[in-house]
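Subject: Two-chain model, handover and notes

Hello,

Here is the structure I said I would pass on. My notes on it follow below.

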Amino acid sequence: MTGVTMGINSPLAGYLLVAALLFAIGLAGALVRRNAILVLIGIELMLNAANLNLIAFWRYGPHPEALTGMMFAIFSIAVAAAEAAVGLGLVIAIHRHTDTTDLDKMNRMKG
Amino acid sequence: MNLVFYLLAALTIGGGLAAVLLKHLVHCALATTVAFAGLAMLFLQLDAQFAGFAQILVYIGAVAILIVFAILLTRGSELPKDGVFSRSWFVGLVIAAGVFAVLGWAVLESMRALPQQTAVPAVTVHDIGIALVGRYVLPLEIVALLLTAATIGAVIVAMHEKERPR
């Protein structure tokens with residue numbers, strides 16, 4: 001545990017720790033909450049934490065001019081937008097069918 | 001590590017925690033927006049202007065609004081009678097804490113190998129545009145197709161069904 005005694009002196013490590021904490025918070029939200037919309041919010045937080053990692057590695061990597069991490073983050077943002085649209089559409093459709101968004105009550109696959 | 005980074009990190013983490021912990025869904029949506037804004041500012045702090053503004057446009061402009069619409073359409077603003085947390089909340093909390101412990105341990109152990117301050121990358125939006133229509137043109141086309149398919153799919157999934165005889 002030399003890192004703790006030295007303190008966080010590398011800027012990249014600070015961003016990585018923030019991203020890890022945000023990922024854990026999103027994971028906890030996705031696992032702990034009952035409401036399907038809150039689970040989607042947790043998934044969005046996890047995706048955002050991954051984006052923060054990508055951008056941080058792009059910024060402090062050896063070849064930022066190659067733009068790989070940046071491009072990965074931009075495409076990831078676009079895919080996350082598509083995921084949010086379809087996920088929330090599914091939540092609305094399930095709510096219309098079963099009149100609930102409680103995941104503990106969604107225990108059958110028959111319509 | 002400067003003061004601005006700590007402030008933005010606190011804003012982001014606080015927004016995320018509030019989004020997961022608050023009872024009312026509308027408050028959760030607002031806290032998520034705060035977390036998204038904090039992340040966008042962290043991107044700006046990392047000299048990734050394009051990604052930061054894309055984050056503001058896509059997440060605060062579109063995803064947060066979508067979440068609010070979904071809350072309104074599913075009457076999620078009413079508090080559930082049997083609590084907001086799942087029956088197996090403790091297991092989920094342990095899993096999340098374990099994941100954070102492993103990730104934090106990995107970062108702290110590899111701290112000495114991580115790079116120190118580097119020069120600000122001289123990347124303009126012009127370079128990003130050239131790269132998008134040059135080297136990354138195939139992923140760009142695939143993302144365009146994916147977004148079209150997702151838009152049509154979301155509309156079809158959420159569309160009113162015809163009344164069936166039961």
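For helix packing, an axis is a line fitted to C-alpha atoms, for helices over the stretch in contact, and angles run from 0 to 180 degrees between N-to-C directions. The model is predicted, so to speak of a local feature a pLDDT of at least 70 is needed and side-chain atom pairs count only at pLDDT 80 or more, while totals for chains, interfaces and linings use all residues. Residues are numbered from 1 along each chain as its sequence is written, and chains are lettered from A and ligands numbered from 1 in the order in which they are written.

The chains

Chain A has four helices and zero strands (DSSP runs numbered from the N terminus: H or I of at least four residues for helices, E of at least two for strands). The order of elements from its N terminus is α-α-α-α. The radius of gyration of chain A is 18 Å, where a compact globule of 111 residues would be near 13 Å (taken over C-alpha atoms; the globule rule is 2.2 Å times the number of residues to the power 0.38). Along the principal axes, the C-alpha atoms of chain A fill a box of roughly 55 × 35 × 15 Å. Of its 111 residues, 59% count as buried (20 or more other C-beta atoms within 10 Å of the residue's own; 12 or fewer is exposed, in between is partly exposed, and C-beta atoms are placed from the backbone). Taking contacts in chain A between residues at least 6 apart in sequence, 49% join residues at least 24 apart (a contact requires C-beta atoms, placed from the backbone, to lie within 7 Å).

Chain B has six helices and zero strands, in the order α-α-α-α-α-α from the N terminus. Its radius of gyration is 21 Å, well over the 15 Å that the globule rule gives for 166 residues, so chain B is more spread out than a compact globule. The C-alpha trace of chain B spans about 65 × 40 × 25 Å along its principal axes. In chain B, 24% of the 166 residues count as buried. Of the contacts in chain B with a separation of 6 or more, 52% are between residues 24 or more positions apart. The domain assignment splits off domain 1 (1-79) and domain 2 (122-166) in chain B; such bounds come from an automatic or database domain assignment. The C-alpha centres of these two domains lie 22 Å apart.

The contact between the chains

Chain A puts 66 residues into the contact and chain B puts in 73. On the chain A side, helices H1 (2-6), H2 (11-32), H3 (36-60) and H4 (68-98) each supply at least two residues. H4(A) gives the largest share of that side, 20 residues. By class, the chain A side has 48 nonpolar, eleven polar and seven charged residues (nonpolar: Ala, Val, Leu, Ile, Met, Phe, Trp, Tyr, Cys and Pro; charged: Asp, Glu, Lys and Arg; polar: the others, Gly among them).

H4(A) packs against two helices of chain B described here. With helix H3 (residues 49-73) of chain B, the angle is about 5° and the axes are 10 Å apart. H4(A) and H3(B) are therefore roughly parallel (under 35 degrees; over 145 is roughly antiparallel, 65 to 115 roughly perpendicular, and the rest oblique). Among the residues making this contact are Met70(A), Ile77(A) and Leu88(A) on H4(A), and Gln55(B), Val58(B) and Leu66(B) on H3(B). The class count for H4(A) with H3(B) is 19 nonpolar, one polar and no charged residues.

With helix H6 (residues 137-158) of chain B, H4(A) packs at about 10°, the axes being 8 Å apart. This pair is therefore roughly parallel as well. Phe75(A), Val86(A) and Gly89(A) of H4(A) take part, as do Pro139(B), Thr151(B) and Gly153(B) of H6(B), among others. Here the classes are 17 nonpolar, three polar and no charged residues.

Two residues of chain B

Gly15(B) sits in helix H1 (residues 3-21) of chain B and counts as buried, with 23 C-beta neighbours inside 10 Å. Leaving out residues up to four places away in sequence, Gly15(B) touches Ala31(B), Thr32(B), Val34(B), Ala35(B) and Gly38(B).

Leu46(B) lies in the loop between helix H2 (25-45) and H3 of chain B. Leu46(B) has 24 C-beta neighbours inside 10 Å and counts as buried. With the same sequence exclusion of up to four places, Leu46(B) touches Ile55(A), Ala56(A) and Arg59(A).

Regards

Technical notes
Contact = placed C-beta atoms within 7 Å.
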